[in-house]
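Reader: Please take one helix of this model and go through its surroundings closely. I would like to see how the cores and pockets relate to that part.

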Amino acid sequence: MISLPTLSPRRDQFDLPRDTCYLNAAYMGPMPSAAVAAGQDSYARKGQPWHVQVQADFFDAPEALRAQAARLFGAAADDVALVPAASYGLSTAARNLAPDAKSEILVLAEQFPSNVYVWRDLAAAHGARIRTVNRTGDQSWTEAMLAAISPATSIVACPQVHWADGGALDLAAISDAARRQGAALVLDLTQSLGVMPFDLQAIQPDFAVAAAYKWLLGPYAMGFLYVAPHHQDGEPLEQNWIVRDKAEDFARLVDYADAHAAGARRFDMGERSNFQLVPAASVSLDAMLDWGADALSRTLGANTRALADRLAPLGLRADVPDRAAHYLCLSLPDGAPADLVNALAAHKIYVSQRGDRLRITPHIYNDETDFHRFASVLESLL
């Protein structure tokens, strides 16, 4: 059996003090130092706006970022829109879907709120209903969702990884079941894109969105929306000038154009050129693409498995079926301190708690020193 290589830690590429143990990428990923520098340089140029160039900054830079994001999805650049948040992308999807009256929109129990509220509104507008899918016992989220998909299903709205417990979903199987019922598939990939393999051809979502500020190590208020080709003549949330045909010609902007730029660009957010955010996001995506989702998944999976084994004697159980490799959500033992997250933070160790689980989400910047220190302090607190 061939053992595929893993990546060495890249801590030196981040501004992480040695006494800080940051295991909370699912909350917010730190930007690489090079991305921070790119953003700072762009802010300085905005202080002297005569240096902002029409073609390079308004058009070329966001197009380069679009192409980078497309590689993460395994899509063409024309299939990707630049959006400010997952909620914006999900709202775009909802604007272009019309569920039948009395049909069901499926969401997971305790799914992230942005991927629930929008479907509640859509269901109310069309006389459809929300069906919340829960898993029982040792059932996986995939098994629960497949059991829920039926002829009544009009939309399946789910993540690839559940944000609260780290359970992964087999999106290819879910997509196949949804398509057999004529249902649309809308995905929130914020907790998985870039660090977990994503097979666009096998999954074929109608829409898929990811915010950049978590696992993609990018700036806040930046995200990417994949739009399937058959939806690309749909209705955008905004009517902004830069997504119209021939918008590059500033001298002729009042020659109003009905036609949009090609592909999914009509769904871009207003001010999509984001002079301060785009350069930083581009540097972050360069790093993510260089490391690769497959290698990151193997690396983070090896780390979370080793950490789960190390913490098992403390009574912390990794009992979520089909756990995503980069996620470790451990059931806390009876008697665990109620303020455990704050107690760890007092030692400059940063994780999250979701319900009765401790959510530990390392990234490429973590190393064995981090893991040893976390396990030792956690043992002392428990």
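Author: What follows is a look at helix 3 and then at the cores and pockets. The model is predicted.

Helix 3 spans residues 86–95, and because seven of its ten residues are buried, the helix is largely enclosed by the rest of the structure. The buried residues are Ala86, Tyr88, Gly89, Leu90, Thr92, Ala93 and Ala94. Among the elements that cover them are two helix and strand neighbours in sequence order, strand 2 (80–83) and helix 4 (114–126). Strand 6 (184–188), strand 7 (207–211) and strand 8 (223–227) also contribute to the cover.

Tryptophan 119 touches Leu90, Ala93 and Ala94, and its other contacts include Leu97, Ile105, Val107, Ile130, Ile155, Ala157 and Val186, leaving aside residues up to four places away in sequence. In the largest nonpolar core, which has 94 residues, Trp119 is one of those with the most contacts, along with Phe73 and Phe224. Helix 8 (residues 277–291) gives the most to this core, with eight residues. A second, separate core has 20 residues, including Leu340, Ile349, Leu358 and Ile360.

The largest pocket holds about 310 Å³ of space. Of its 23 lining residues, Ala86, Phe112, Asp188, Thr190 and Lys214 are the closest to the centre. Helix 3 and helix 4 are the elements that give two or more residues to this lining. By class, the lining has twelve nonpolar, nine polar and two charged residues.

The second largest pocket holds about 240 Å³. Its lining of 13 residues has Arg244, Leu253, Asp255, Tyr256 and Ala257 closest to the centre. Five of the lining residues are nonpolar, two polar and six charged.

Notes
Residues numbered from 1 in each chain as written. Predicted model: local features only at pLDDT ≥ 70, side-chain atom pairs only at ≥ 80, totals over all residues. Heavy atoms only, no water. Buried < 20%, exposed > 50% of the residue type's maximum accessible area, 1.4 Å probe, protein only. Helix = DSSP H or I, 4+ residues; strand = E, 2+ residues; numbered from the N terminus. Contact = heavy atoms within 4.5 Å. Core = buried A, V, L, I, M, F, W, Y, C linked by side-chain atoms within 4.5 Å. 1 Å grid on protein atoms, 1.4 Å probe; cavity = no way out; pocket = protein on both sides within 12 Å on 5 of 7 lines; lining within 4 Å. Points joined across faces, edges and corners; volume = space filled by probe spheres on them. Nonpolar A, V, L, I, M, F, W, Y, C, P; charged D, E, K, R; others polar.
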